[in-house]
Amino acid sequence: MGGVKFHLGLVITVIFAISVSVKGQLHDFSNGEFDVRQYLSTSSRYGAGKEAMNDDYQNSAVPISGCTPILLNLVARHGTRAPTRKRIKELEQLSIRLESLLKSADDTLTGETHGSQQIPSWLRGWQSPWDAKKTNGELTREGEEELYNLGMRLRERFPQIFDEDYHPDVYLISATQVPRASASAVAFGMGLFAGKGVLGPGKHRGFAVITDSRANDIHLRFHDTCQTYKEFKKKRKPALKGLLFSVYAEVSASLVKRYNLNFTKDDVALLWFLCRQEAALLDKTDQACGLFTQMEVELLEWVDDLVLHYLKGYGESINYRMGVPLLQNIVQSMEQAILMKNGVEKARLRFAHAETIIPFTCLLGLFLTASDIEKIQREQPLEPPPKPPQGRRCRGSTIAPFAGNNMLVLYKCPVQGGSTGKVIAPEEPSNSFFVQILHNEKPVSIPACNGSYFCPFEDFKERVAGPHLRHTFESLCTVKVTHADCPLTCRISRFFQWLFLRKGYKLHSCEDKDEL
């Protein structure tokens, strides 16, 4: 893990060399010239994230001739959600802070000078549109629609898979215990099974959503159950906070010159958060987002993506390898489908968080070059994404927008033919099964499978999953602590934690209350 320190030092050096231009032209982000909604990192709505996809995606899904989909594994993030109570309270403090800044400006500027500064009128009297007493990160109406419509589209796209009446052994639906994830599963299921029941005008039907306790969920909440990762994250956060605030300080200097208001780096952090919430939840881009130039928006999104890289993505192998239970579960479901061990199972549908989607995307090795694949298989960290205006493959807005998803579709193909026309030997029946990966519903190439869009199952198992499945969750996530590192009180605490977990008691983590 020592590689992270070197990369962080390099990036921080680069950031301190950045000089954010104050001459950048201000944009009206609602006029279509530059759509800020595509530059909100993981705060982007699903539609905006799909529109921002680059050339790594194939525009149309063309199945292999003669092949039939027999199993679908879905891993999806919850839909668009409201800010958490903690963040709403911070916005309430921002309202007080803005009032103070404006009063200070009124007291120090003459009328003539004051008029030339063009202070945005919305700043005066601004109040947060969210109420901390009523809102706490729950799924919004737009989020419900994202998942409902996704369910409708998948049923239409894969009629061979979703042609049967609902049964929990046929369609296994699971979610984390966080309400916005389970609500997303419900909204998805309502779309998927609409018209197949007898309930109400829409002829809906009941269905089961399975959840595991937060303390034991190693498939969808591995970021909260892997102790090695949690300690790694705790050590890295201070350096990453410094990285963020070095950019915020540069942007705040530009805002001070532009509006003659004494914005600090803390103000920029909250204004950027407000911009993301207004654009994603209220479709409003001419207030907080309008304070920034296009260049500044791209820079702020980039530094958010840097944090994702180091804490959730390719910046360190523990970030994604802790997700091996999820990958193993998917591979096993494919093996069972091929051997017909489960008989009727056709889909496993999972709903979780960005902390699940991003590591899982990395486990699949998506959006990488051949040399990058070799590095992650040797457990080497990848270089951070380049600073704008350079392009980058990995963006939070495209990898894990709200409702972002990965689908792995298993196809059964004729023994002769397949995607290459090669005659497949009878003693190799597994070669008649292929895996297709769709990211946000669009087919994407599989770098570890020679960049193909349809990977023979045995190749997928060996090249994509194999290097990761050499590890176990226990070997990756068990922290080895010596008596010197852990005094008596620490050892007693760890013993009781171990005891409670064995008995299935639910232990609430005090970390990441504002998870994505």
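Which residues in α5 are buried? Select helix α5, residues 141-157, in this predicted model. E142, G143, E146, L147, L150, G151 and L154 are the buried ones.

**Stop 1: α5 and its surroundings**

Keep α5 selected and display what its buried residues touch. They pack against the helices α2 (46-51), α6 (179-192) and α9, and against the strands β1 (68-77), β4 (347-352) and β5 (405-412). Then check the length of α5 from end to end. With 17 residues at 1.5 Å a residue, a span of 24 Å is expected, and the end C-alpha atoms are 24 Å apart, so the two values agree.

**Stop 2: α8 against α9**

Next select α8, residues 227-259, together with α9, residues 265-281. Their axes lie 8 Å apart and make an angle of about 95°. The two helices are therefore roughly perpendicular to each other. To see the contact itself, show side chains on both helices. From α8, pick F245, Y248, A249, V251, S252 and L255; on the α9 side they meet K265, D266, V268, A269 and W272. Coloured by class, this contact shows eight nonpolar residues, one polar and two charged.

**Stop 3: F263 in the loop**

Move to the loop between α8 and α9 and select F263. Is F263 buried or exposed? Its relative accessibility is 4%, below the 20% cut-off, so F263 counts as buried. Display its partners, leaving out neighbours within four places in sequence: F263 is in contact with L98, L101, S252, L255, V256 and L271. S252 and L255 also belong to the α8 residues that meet α9. For a distance to check, take the C-alpha atoms of F263 and V251: they are 9.3 Å apart, with the two positions 12 residues apart along the chain count.

**Stop 4: α16**

Now select α16, residues 457-469. How far apart are the end C-alpha atoms of this helix? The distance is only 15 Å for 13 residues, short of the 18 Å that a straight helix would reach at 1.5 Å a residue. Centre the view on R463, where there is a kink of about 30°, shortly before the proline P467. P467 is itself buried, as are F457, F460, V464, A465, G466 and H468 in α16.

**Stop 5: the whole protein**

Zoom out and colour by secondary structure: the protein has 18 helices and 10 strands. Switch to colouring by burial, and 53% of the 516 residues count as buried. Finally, consider contacts with a separation of 6 or more: residues 24 or more positions apart account for 81% of them.

Conventions:
Residues numbered from 1 in each chain as written. Predicted model: local features only at pLDDT ≥ 70, side-chain atom pairs only at ≥ 80, totals over all residues. Heavy atoms only, no water. Helix = DSSP H or I, 4+ residues; strand = E, 2+ residues; numbered from the N terminus. Expected span 1.5 Å × (residues − 1). Bend = angle between axes of the 7 residues up to and from the residue. Buried < 20%, exposed > 50% of the residue type's maximum accessible area, 1.4 Å probe, protein only. Axes fitted to C-alpha atoms, helices over the stretch in contact; angles between N-to-C directions. Parallel < 35°, antiparallel > 145°, perpendicular 65-115°, else oblique. Contact = heavy atoms within 4.5 Å. Nonpolar A, V, L, I, M, F, W, Y, C, P; charged D, E, K, R; others polar.
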